[in-house]
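Hi,

Here is the structure I promised to send over. Have a look first, and my notes on it follow below.

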Amino acid sequence: LIELKRKGYDINAPGLNGIGYKELYGYLNDEYSLIKAIELIKQNTRRYAKRQMTWSNHMEGITWFDIDNETNYEEIADRIIKEIK
């Protein structure tokens, strides 16, 4: 990002609209500390994930698999294969 800024790329350039660029750009412009930039990146990542979950919850035909406590990945794979057949 430092190199992009040095070359004159604006933060509004299409390739710089992902999470992290805007926040780090603010840090590089002395708008806030690196710790604040990291906090903003985390916050914006959580918000993005929440929007994705909200969007996907309204889609039909999605089967969710809760694998947080699973350790047998072969069994999980078998369940997924069975679901898509």
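Helix α4 covers residues 73-84, and its end C-alpha atoms are 17 Å apart, which agrees with the 16 Å that its 12 residues should span at 1.5 Å a residue (the expected span is 1.5 Å times one less than the number of residues; helices are DSSP runs of H or I, at least four residues, numbered from the N terminus). At the N-terminal end of α4, Asn 72 acts as a cap, with a side-chain oxygen 3.3 Å from the backbone nitrogen of Glu 74.

Bear in mind that this is a predicted model, where local features need pLDDT of at least 70 and side-chain atom pairs 80 or more, while totals for chains, interfaces and linings use all residues. Numbering starts from 1 along each chain as its sequence is written, and side-chain values use heavy atoms, without hydrogens and water.

Now the largest pocket (on a 1 Å grid over the protein atoms alone, an open set of points where a 1.4 Å probe fits, with protein on both sides within 12 Å along at least five of seven lines; lining residues have an atom within 4 Å of a point). About 170 Å³ of space lies in there, counted as the space filled by probe spheres set on the points. Helix α3 (34-57) gives the most to the lining, 4 residues. Among the lining residues are Ile 11, Lys 22, Asn 44 and Tyr 48.

Cheers

Technical notes. Helices (H or I, at least four residues) and strands (E, at least two) are DSSP runs, numbered from the N terminus. A polar contact is a pair of N or O atoms within 3.5 Å; within protein, one must be able to donate a hydrogen and the other to accept it, and residues adjacent in sequence count only if both atoms are side-chain atoms.
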